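Here is a short walk through one model, written for someone who likes to check geometry as they read. Have the structure open beside you and follow along.

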Amino acid sequence: MSWQAYVDDHLMCEIEGNHLSAAAIIAHDGSVWAQSANFPQFKPEEINAIMNDFNEPGTLAPTGLHLGGTKYMVIQGEAGAVIRGKKVMDPEVLLLRRPIWP
């Protein structure tokens, strides 16, 4: 199965009436392996900041997490493994997970 098929068939599927609005698999170097059609266009520095927060948890908290030009407030996560962000005054939540492989 390709990474694109994984995004399309598993990450974007509907489960109990709910589904993601966008999904992507992005490498440590910022290259896109697969993404949904409506995943936001991001800047390399946004991905660099996210990867830095995985390596040094807490670095995004003071400034917020930016993806596709949208700012998210960093909320509870799992240090080095998961970063959760939320738009202020908006129900949209962002979840970033570090891959389980090196």
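## Aromatic rings and a helix face

Tyr-6 has a relative accessible area of 33%, so this residue counts as partly exposed, lying between the 20% and 50% limits. Keep in mind that this is a predicted model.

Which residue pairs with Tyr-6 edge-to-face? The partner is Trp-3: the two rings sit 6.3 Å centre to centre, with 85° between the planes. That angle is over 60 degrees, which is why the pair is called edge-to-face. The pair belongs to a count of 3 aromatic pairs.

Trp-3 is found in helix H1, and the helix spans residues 3-11. Trp-3 and Tyr-6 are 3 residues apart in H1, so about one helical turn separates them. Like its partner, Trp-3 is partly exposed, here at 38% relative accessibility.

The grouping goes beyond these two rings. Trp-33 joins Trp-3 and Tyr-6 in one aromatic cluster. Add Met-1 to those three residues and you have a nonpolar patch on the surface, with about 480 Å² of accessible area together.

For quick reference, here are the partly exposed residues discussed in this report, with their relative accessible areas.

| Residue | Relative accessible area | Class |
|---|---|---|
| Trp-3 | 38% | partly exposed |
| Tyr-6 | 33% | partly exposed |
| Asp-90 | 25% | partly exposed |

Next, on to helix H2, which covers residues 44-55 and has 12 residues. From its first C-alpha to its last, H2 reaches 17 Å, close to the 16 Å expected at 1.5 Å a residue.

Which residues of H2 are buried? They are Glu-46, Ile-47, Ile-50, Met-51, Asp-53 and Phe-54. Looking down the axis of H2, you will find these buried residues within an arc of 155°, so they line one face of the helix. Pro-44 and Asn-55, on the other side of H2, are exposed. The buried list holds charged-type names as well as nonpolar ones, with Glu-46 and Asp-53 among them.

Finally, let us visit a loop. Asp-90 has its place between strand S5 (82-86) and strand S6 (93-97). With a relative accessible area of 25%, Asp-90 is partly exposed, since this value falls between the 20% and 50% limits. How many residues apart in sequence are Asp-90 and Tyr-72? The separation is 18 residues, while in space the two are 9.9 Å apart, C-alpha to C-alpha.

Definitions and conventions: Residues are numbered from 1 along each chain as its sequence is written. This is a predicted model: local features need pLDDT of at least 70, side-chain atom pairs count only at pLDDT 80 or more; totals for chains, interfaces and linings use all residues. Side-chain values use heavy atoms; hydrogens and water are left out. Helices (H or I, at least four residues) and strands (E, at least two) are DSSP runs, numbered from the N terminus. The expected span of a helix is 1.5 Å times one less than its number of residues. Buried means under 20% relative accessible area, exposed over 50%, partly exposed in between (1.4 Å probe, protein chains only). The arc is that of the directions from the helix axis to the C-beta atoms. Rings of Phe, Tyr and Trp (its six-membered ring) pair if their centres lie within 6.5 Å; planes under 30 degrees apart count as stacked, over 60 as edge-to-face and the rest as tilted. Patches are made of residues with over 30% relative accessible area and no salt bridge: like charges are joined within 9 Å, nonpolar side chains (Val, Leu, Ile, Met, Phe, Trp, Tyr) within 5 Å. Accessible areas come from the Shrake-Rupley method with a 1.4 Å probe; for residues, only the protein chains shown count as cover. A salt bridge is a side-chain nitrogen of Lys or Arg within 4 Å of a carboxyl oxygen of Asp or Glu.
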